[in-house]
Amino acid sequence: MKKNLGIVIMMFLLFPGSAHTAVFPFSFTDSAGNTISIEKPPQRVVSLVPSITEALLRIGAEEVVHGITYHSVLPPQSSAISAVGGFFNPDLDKVAALEPDLIFYADLQQGVRKRFNGRATMVELTPTSIDEGFAQIRLLGRLFNKEKEAAKIINRERQQLQVIADKVDKIPQEKRQRVMRLMGRDTIMAPGDDSFQNEFIRAAGGIAPTWHKNGSIVPVTLEQWQEFNPQILYGCGGDRSTMSILDQPEWNEVDAIKNNKVFFFPCDLTCRAATHTGYFVSWLATRIYNQEFGDEHNFVLAQEIISTKKLALDLDYVQKAEIIETNIKDFRNKTVAVTFKHPMTVVSTLEGQRQGITTVANHYFPPPSWGLGHRQGIEALRQETLQTLHLPEGTTSILFTGADMDNLSVATQRFKEMQVTALVTAGVSSNSVRMSKDTGSFYEPEQAAINKPGTINIMLLTNMQLSPRAMTRALISATEAKSAALQDLDIRSSYSPRIYQATGTGTDNIIVVQGEGYPIDSTGGHTKMGELIARAVYAGVREAVHQQNGLTAQRSIFQRLKERKISLHDLCSKAVNPQQAPPLRAEMEHILLEPRYADFLKAILTVSDDVERGIIEDTSSIDAWIQATASELAGGRDAELKPFIQDNLPQITAKGLAALLAGAQARMEK
C-alpha cells in the first residue's frame with residue numbers, strides 16, 4: 001500500500017463515530033505522501049476526481065465546489081457547477097479562471113500539479129480499499145464542516161455491507177462463485193490484486209482472482225483466464241467492447257460465458273470507493289447469488305415498515321398521503337401511498353379498471369431487489385409488498401418502479417375551481433424506447449410484466465368526479481404529455497439512441513383516480529380538464545427525470561454524446577494513430593468546452609434527427625455550414641474532413657464530428 005491516507009485512517013478509523021468541528025490550521029497526509037496543511041476552510045474548490053466530487057456533493061459541500069470534470073455524476077441541485085473538461089484532459093486555463101484555493105487531483109494529472117503548485121492547495125486522495133474510501137469521506141466531512149453528513153453516509157453504507165456479509169455467511173463455501181471484474185478495450189484486463197474492486201468482490205461473497213500484480217488495471221493472459229475460469233463476469237460502460245474478444249475460441253470456454261453470467265453496471269458504482277460502496281456491493285451480491293438471496297430462509301432482516309413521512313395533498317377526499325420505507329428481502333423499499341376517506345373507482349394500466357379502491361400506491365424496489373422480485377412473478381410480488389405495507393389486496397391498486405421515491409415529483413395545475421395533481425416517478429437511463437421503431441423483446445404478456453416493472457409511473461388525482469369515459473380518456477392526455485416532455489428534453493431511445501428520441505419507457509404505467517366533486521365526462525385535448533392533466537403530467541415528468549437522472553434540456557454536449565453512445569475516445573482512436581489519439585481527444589474536449597462549438601454540435605445532432613426522419617432532404621446548406629466550421633477552427637484555412645467509420649452513426653452527425661476532428665487536428669499542428 002502507498003502512504004494512502006495513512007494519518008487520515010489512523011485518525012478516522014480509530015474513532016469512527018466521532019464528529020468534531022475542524023480546527024484550523026488542519027493537517028493530514030494525502031495519497032501521494034504529502035503533508036497538507038489547510039490554514040482556513042476552503043471556499044473555491046475544483047475537483048478533478050469524480051469520486052471526490054461525488055463525496056463533496058453528497059455531504060452537502062456544493063456551495064464551495066466551483067469546478068468539476070464532465071465525468072462527474074451530479075445531483076440535480078448541482079447542475080450549474082462549471083465543467084473544466086474531462087478527467088484525463090482537464091482544461092487548465094478554465095481551472096485557472098475559477099481561481100481555486102484547493103484542487104483535488106489524481107496521480108495521472110501531474111500537469112495540474114505542475115501548473116498550480118504554489119497557487120492553490122493540491123490534494124491527491126486515491127483510496128485502494130473500502131476503509132480508505134470511508135476515511136476519505138470522513139476527512140472531507142471534517143475539512144468542510146460536514147462531519148455529521150459524512151458520518152451518516154458512512155454508517156448507511158456500512159450497514160448495507162453488514163447485511164450482505166450476514167447473508168453471504170448463510171451460503172456454504174462450496175457454493176461460493178469465482179468473480180472477476182472485466183476491464184479493457186482491445187485486450188482483456190482486470191484490477192490488480194491491491195485494488196478496492198477485488199475487495200468489492202470479496203465483500204459481495206465472491207472469490208476474487210489473484211494475478212500476482214498490483215495496480216488499478218493489469219493485463220490478463222489466456223492462461224490466467226482459463227486457470228481462474230470465472231463463473232461471474234461484470235464490467236461497466238466501455239468494457240462491453242471486450243465482448244468481441246470473449247466470443248473468440250478459448251476465451252469463450254469459461255463458465256461465465258457458457259452460462260451467460262456477464263453483467264454491466266454504471267461506471268460511477270463499479271469504479272469508485274466512494275459514497276455508494278454498500279449499495280454497489282449489495283447489487284453485485286444479488287447478481288452473484290440471486291437464487292440464494294431470494295430464499296426467505298436466508299433473510300436476515302424482518303420484513304416490516306421502517307418509517308413513514310407525510311405528503312401534503314390538497315384534496316378533500318384524501319384521508320392521508322405518505323411515503324413509507326420498508327425492509328423487503330433485506331433491502332430498503334419505498335412507497336408513496338394515498339388513502340381515501342371512502343372507496344373509489346380507478347383505472348390502472350397495470351391492473352385495469354377496479355372498484356372499491358381505498359388506497360393507490362407506487363412502490364419502489366431498488367436495483368439489488370430487481371432480480372429477486374422478478375423470480376416471484378407479478379402477483380406474488382404484489383402480495384408480499386402489500387402484506388409488508390399492511391395494505392389490503394382487495395382495496396389497493398399499486399404500481400411498481402425502479403425510480404426512487406426520494407425523486408418523486410408532485411405537480412399540481414389549477415384553473416378556477418378545477419385542480420389536477422400528478423404524482424410522478426421517472427427513470428429513463430436504461431429502458432427508454434421509441435414506440436413504432438424499437439423492437440419488443442417479449443412475446444408472452446405475463447413474461448413482460450414479470451421482467452420489467454414500470455419506469456415512468458403516474459398517479460392522477462383531481463378535485464372533480466371523472467366518469468368512466470373521462471378516466472380512460474385521461475390515459476391518452478397523460479401519455480401524450482409524457483411523450484411531449486421526453487421529446488422536449490431530447491431523451492434518447494435506449495435501443496436506437498443515435499437516431500431516435502424516446503416516447504416513453506417500455507414499462508410505463510398510470511393510475512387515474514375517479515375523484516369526487518363536479519361531474520366531468522371528457523378529458524380530451526380540447527377540454528380544460530384535459531389541458532390541466534397534460535400540464536401537470538408534463539411538469540411532473542420533467543421534474544422527475546431531472547431528480548432521478550439529472551437530465552435537463554440545458555445539459556452538456558458531453559452528456560448528449562454519452563446518451564447517443566458516441567465516444568470521443570473511440571472517435572479519436574479511429575481518426576489517427578494510437579500515439580496521436582490522446583492529445584486529439586484533449587483538443588476535442590477543449591473545443592467542446594467553448595459554447596460556440598458545443599452549440600454547433602448540439603444543433604448538428606438535432607438536424608441529424610430531422611434528416612433521418614426525412615423532414616430535411618437537401619443537406620447542401622448544412623454541409624456548407626459544417627465545412628465553414630471546420631475552416632474556422634483551422635484558423636481560416638481549408639480543413640479536410642476525413643471520413644471515419646463508426647457503426648450506425650448517422651451521416652450528418654458523422655460529418656459534424658469530422659469537422660470538429662479536422663479543426664482539432666489543425667489546432668494541434670499550429
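**Exercise 1.** Which strands and which helix do the buried residues of helix 18 pack against?

*Solution.* Keep in mind that this is a predicted model. Start with helix 18 itself: residues 528-549, 22 residues in total, with 31 Å between its first and last C-alpha. That's close to the 32 Å expected at 1.5 Å a residue. Next, pick out its buried residues, among them M529, L532, I533, A536, V537 and G540. Why look for spacings of three or four? An α-helix has 3.6 residues a turn, so residues three or four places apart point the same way. Now list the partners of the buried set: strand 18 (409-415), strand 19 (418-426), strand 21 (456-462), strand 22 (465-466), helix 17 (468-489) and strand 25 (519-520). Finally, step past the end of helix 18 and you hit G550, with a positive phi near 70 degrees.

**Exercise 2.** Work out the order and pairing of the open sheet of three strands, then find the helices on it.

*Solution.* Reading across, the order is 8-11-12, and the pairing is parallel. Strand 8 (179-181) and strand 12 (262-265) each pair on one side only, making them the edge strands. From one strand to the next, the twist averages 25 degrees. Zoom in on strand 11 (residues 232-236): four bridges join it to strand 12, and Y234 sits opposite F263 of strand 12. Now add the helices. Helix 7 (residues 196-203) packs on the sheet by touching strand 8 and strand 11, and its direction is about 150 degrees from that of strand 8. Helix 12 (residues 277-288) lies across strand 8, strand 11 and strand 12, at about 160 degrees to strand 12.

**Exercise 3.** Is T286 buried or exposed?

*Solution.* First place T286: it's in helix 12. Its relative accessibility is 3%, so T286 counts as buried. Then check its contacts, skipping residues up to four places away in sequence: F293, F331, P368 and L372.

**Exercise 4.** Find which cysteines form a disulfide, and decide what C271 and C572 are doing.

*Solution.* Searching the whole structure turns up one disulfide. The pair is C236 and C267, with sulfur atoms 2.3 Å apart. The angle about the S-S bond is 100 degrees, a right-handed link. C236 lies in strand 11 and C267 in helix 11 (residues 267-270), so the pair ties together parts 31 residues apart in sequence. C236 is buried at 4%, while C267 is partly exposed at 32%. What about C271? Its closest cysteine sulfur, in C236, is 3.8 Å away, too far for a bond. C271 is partly exposed, at 34%. C572 is in no disulfide either, its nearest cysteine sulfur being that of C267, 18 Å away. C572 is buried, at 1% relative accessible area.

Definitions and conventions:
Residues numbered from 1 in each chain as written. Predicted model: local features only at pLDDT ≥ 70, side-chain atom pairs only at ≥ 80, totals over all residues. Heavy atoms only, no water. Pairing = 2+ DSSP bridges. Helix = DSSP H or I, 4+ residues; strand = E, 2+ residues; numbered from the N terminus. Axes fitted to C-alpha atoms, helices over the stretch in contact; angles between N-to-C directions. Contact = heavy atoms within 4.5 Å. Buried < 20%, exposed > 50% of the residue type's maximum accessible area, 1.4 Å probe, protein only. Expected span 1.5 Å × (residues − 1). Disulfide = S-S within 2.5 Å.
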